[in-house]
Amino acid sequence: MRAFEATQLYFHQAADQLELSDNLRSLLVTPRREVQVQVPYETDGGEVACVIGYRVQHNRARGPMKGGLRYHHQVDLDEVRSLASLMTWKTAVVNLPYGGAKGGVAVDVTKLSQRELERITRRFVDEIHDVIGPDTDIPAPDMGTDHRVMAWIMDQHNKYHGFNPGVVTGKPVEYYGIPGREEATGRGVGLLTVKLLSRLTRKAAGAQVAIQGFGNVGTHTAKFLDEAGCQIVAISGSRDGYYRSEGIDVRDALHYVLEHQGSLEGYASADPISNDELLELDVDVLIPAAVGGVITVANAPRIRAPIIVEAANGPVLPDADRLLAERGVTILPDVLANAGGVTVSYFEWVQNRQHYKWNLDRVRGELERTLTTAFEEVWDEARAHSVSLRTAAFMLGIRRVARAATLSGLV
Ligand code: NAD
């Protein structure tokens, strides 16, 4: 199943519950604008090379469109389209005044130098600068991009349109960024995992957790949950996983990846396991925090964790979602679980527009307040309609977007 079909399916499950009209459904599923551009650049060796970049703007009924920019060799229009619509529902679930968008460049960042990455980023902005902006569409980091890429985007966009740091979020703190943005998604995943455990009358202290992906989201999730008393028993990178039944020393693992250019490869303080084995471990909480589509009908019957928290976007495919629901597995969906990043991006955008600097305590406090409200609303919606947390989150998001679209006089 293609990524866009999966999101559509989740959308229609919730739309059925809401008894949404066909007209409104078609308005809400169709992206507003899809842009595909050629991004030519010069390699360090002086050769001409070319990659393809995408920006899909899904919906702006509730405000300027917002969504990350992904650099990954598997990026294609279908994936970006799916992630753009997820952003529409995500910003609505956490009640931020935004719509949804997403971008991507099909490139393998591990094969590029910093200078090549910068040239690609600036050229991509040259191609799309007219369709993004602080009041229209605001990119942010995602897989393969970070604060440096966001700084280049701001700088390049400002060359065309004048000084305006609010055109992009996730910038370095020293360059119009906000403290706490880098940790925000993982911190939000951690916060919500603890809330979910408590709602399910389970204790966070001593709960065994396996985390797939040890990048931005995975590391900050591990750090937060470790400090909350959970036992992180497994972690993994793209090629390798590591397991220790008594719990991995998270600080030691973080130190290891810092020393090894972000890679866990060769980590000797835990036993090596494969990424597939990690997903099937007998743990209390499984947190896929890498790529989409890792839990499918093929491996769903072997998943033993009773709780899955979707830190990555779209890690559980719809058929697997159904199988896991039948077995009573509780899934905290991506539209809520990883919304911490876009929430702090919103604070950064507000800070940029007001030219008033926020401190870390304020960011963390407001993040917790925003996510807690959204969690309680999704939980209540699920209970009120006897549906899964995923369907409840989509129902909440769709209802808000549909209402705004209707009030604006579009239908
Ligand atoms: P990242 O690039 O910092 O880290 C990704 C991690 O996943 C790395 O450890 C990498 O080695 C690993 N990985 C890559 N391919 C893999 C594979 N096939 N199997 C297992 N592991 C693999 O990315 P990130 O920012 O941490 O994003 C991770 C996920 O979270 C993505 O799905 C992204 O869309 C989602 N997300 C990120 C943010 C954010 O603020 N960064 C916000 C919302 C959602």
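A residue is buried when its relative accessible area is under 20%, exposed when over 50%, and partly exposed in between (1.4 Å probe, protein chains only). The model is predicted: local features need pLDDT of at least 70 and side-chain atom pairs pLDDT 80 or more, whereas totals for chains, interfaces and linings use all residues. Residues are numbered from 1 along each chain as its sequence is written, and side-chain values use heavy atoms, without hydrogens and water.

**Exercise 1.** Determine whether helix H3 is largely enclosed or not, and compare its span with the expected one.

*Solution.* Helices are DSSP runs (H or I, at least four residues), numbered from the N terminus. Step 1: of the 17 residues of H3, 15 are buried, so the rest of the structure largely encloses this helix. Step 2: the expected span is 1.5 Å times one less than the number of residues. For H3 (residues 77-93) this gives 24 Å, in agreement with the 24 Å between its end C-alpha atoms. Step 3: after H3 comes Asn-95, with a positive phi near 60°.

**Exercise 2.** Describe the polar contacts of the ligand, a polar contact being a pair of N or O atoms within 3.5 Å.

*Solution.* Step 1: an N or O atom in the side chain of Thr-185 is 2.7 Å from a ligand oxygen atom. Step 2: a polar backbone atom of Gly-144 lies 3.4 Å from an oxygen atom of the ligand. Step 3: a nitrogen atom of the ligand is 3.4 Å from a backbone N or O atom of Gly-237. Step 4: helix H6 (181-199) and helix H7 (216-227) are the elements giving two or more residues to the shell around the ligand.

Terms used:
A polar contact is a pair of N or O atoms within 3.5 Å; within protein, one must be able to donate a hydrogen and the other to accept it, and residues adjacent in sequence count only if both atoms are side-chain atoms.
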